[in-house]
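Student: I want to learn how to read helix packing and sheet order from a model. Where do we start?

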Amino acid sequence: VIRCRAAIAWAPGKPLSVEEVEVAPPKTGEVRIKIVATGICHSDEHILKGSLPNVEFPVIPGHEGAGIVESIGEGVTSVKPGDKVIPLCLPQCGECNFCLNPESNFCQKSHLCEPQNLLPDKTSRFTCKGKQIHHFLWVSTFAEYTVVPEYSTAKIDAAAPLDKVCLLGCGFSTGYGAAINTAKVKPGSTCAVFGLGGVGLSVVMGCKAAGASRIIAVDINKDKFAKAKELGATDCINPRDFKKPIQEVITEMTGLGVDYSFEAIGYADTMIAALASCNMSTGVCVMVGVLDSGSKIPIDPTLLLTGRTWKGSVLGGWKMRECIPKLVSSYLEKKFNSDLLITHTLPFAKVNEGFELLRAGKSIRSVLLF
């Protein structure tokens, strides 16, 4: 058993509490990882608000981390102690119907199929003050040590800087892949991206990499426009600057609407606006943002009847276990610069400060270092 620090959410609506926790050794098919760095993602904020489904408290959040294998359980063959790894918040068991389908990146062991509050054997590896603490998506990267199933672990290049590539565990991969894999943005096309947080800006980077000729970035926080332009946006618009719905503004700007639109916020209203912003015949709208649990979206069916495609994207469409190592290699080859998303680097003890920066719209990505 290892004693170490972790940030625990004891109940919804409360700040995280940095505590000493006990982390049990890995069992058969499990890996114990020393987390070196972890990003703060908006989905972690959803946990603290209590708006993510199926999450049980007390829980150790965090799902965008990178670390080093400390020990392995019986039967583990793909990693060994000392390997650099990214724990995966979307597993790839390799055996279910989704994993066996080359067109799917989903897995039936994911949180949307069965809650990942406990490890597959239905027990926790975390305790604090004699109480069982729940896992989050099996990864719980807000702990100095965490235990995950082997199929939620991706071995990465030993040269990778963990304080940078941790973003590939969720935010960057989600946005970049939504453009490249889910939408399959074509060269010369037009795109609109709603929401310029870490995920939305990664969508901008993906659209640019795919050769889009016009990328319209949409946000109510104009302080994010400079970064959006640096990453490839050609136009930046604030819905509050117009008296008409933003979808009408985008349609007027482009003539028919964009070829591809992306919603990277997680609001029903902006999901509808994004759908209506793409052209009515061949337009593709990709949902990337996470809505609050129980949300419903009322839409006019003629938006789809005329030919638009509306689709969702989980973790950017990447089969995580096989693709994350390749993305890390692309990062090392400087095929993209996800470092530009990191605006703050903080010691782990300042985790709540990182969330304050997120809520105030002052950060794109804060990375916590243990």
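Tutor: Start with one helix pair. The axes of α7 and α8 come within 8 Å and cross at roughly 20°. Keep in mind that this is a predicted model.

Student: What do a distance and an angle tell me in general?

Tutor: Two packed helices are described by the angle between their axes and the distance between those axes.

Student: How are α7 and α8 oriented to each other?

Tutor: Angles under 35 degrees count as roughly parallel. Therefore α7 and α8 are roughly parallel to each other. The crossing of α7 past α8 is right-handed.

Student: Which residues make the contact?

Tutor: From α7 come Ile-246, Gln-247, Ile-250 and Thr-251. From α8 come Ala-273, Ala-276 and Ser-277. By class, the contact of α7 with α8 has four nonpolar, three polar and no charged residues.

Student: Is there a general reason for the spacing of such residues along a helix?

Tutor: An α-helix has 3.6 residues a turn, so residues three or four places apart point the same way.

Student: How many residues of α8 are buried?

Tutor: Eight of its ten, so to speak of α8 as mostly covered is fair. The buried residues are Ala-268, Thr-270, Met-271, Ala-273, Ala-274, Leu-275, Ala-276 and Ser-277.

Student: What do the buried residues of α8 pack against?

Tutor: Their partners are β10, α7 (246-254), β13, β14, α9 (302-305) and β15. Helix α8 (residues 268-277) lies across four strands, β10, β13, β14 and β15. It runs at about 175° to β13.

Student: Now the sheet. In what order do its strands come?

Tutor: Read across the sheet, not along the chain. The order is β12-β11-β10-β13-β14-β15. This is an open sheet of six strands with parallel pairing. Its edge strands are β12 (235-237) and β15 (309-312), each pairing on one side only. On average, neighbouring strands are turned by 15° against each other, direction ignored.

Student: How many bridges join β14 and β15?

Tutor: Four, in the parallel sense, with β14 covering residues 284-287. Cys-285 stands opposite Trp-310 in β15.

Student: Which strands does α5 lie across?

Tutor: Helix α5 (residues 198-209) lies across β10 (190-194), β11 (214-218) and β13 (260-263). Its direction is about 170° to β10.

Student: At what angle do α4 and α5 pack?

Tutor: About 40°, with the axes 7 Å apart. Helix α4 spans residues 171-183. The two helices are therefore oblique to each other. Their crossing is right-handed. On the α4 side the contact includes Phe-172, Tyr-176 and Ile-180. On the α5 side it includes Val-199, Val-203 and Met-205. The contact of α4 with α5 divides into nine nonpolar, six polar and no charged residues.

Student: Give me one more pair. How do the axes of α1 and α11 cross?

Tutor: At roughly 105°, coming within 11 Å. Here α1 covers residues 42-49 and α11 covers residues 351-359. That angle makes α1 roughly perpendicular to α11. The contact is made by His-42, Asp-44, Glu-45 and Leu-48 of α1 and Phe-355, Leu-358 and Arg-359 of α11.

Student: How many charged residues does the contact of α1 with α11 have?

Tutor: Three, along with three nonpolar and one polar.

How values were computed:
Residues numbered from 1 in each chain as written. Predicted model: local features only at pLDDT ≥ 70, side-chain atom pairs only at ≥ 80, totals over all residues. Heavy atoms only, no water. Pairing = 2+ DSSP bridges. Axes fitted to C-alpha atoms, helices over the stretch in contact; angles between N-to-C directions. Contact = heavy atoms within 4.5 Å. Buried < 20%, exposed > 50% of the residue type's maximum accessible area, 1.4 Å probe, protein only. Parallel < 35°, antiparallel > 145°, perpendicular 65-115°, else oblique. Left-handed = near helix turned anticlockwise from the far one by under 90°. Nonpolar A, V, L, I, M, F, W, Y, C, P; charged D, E, K, R; others polar.
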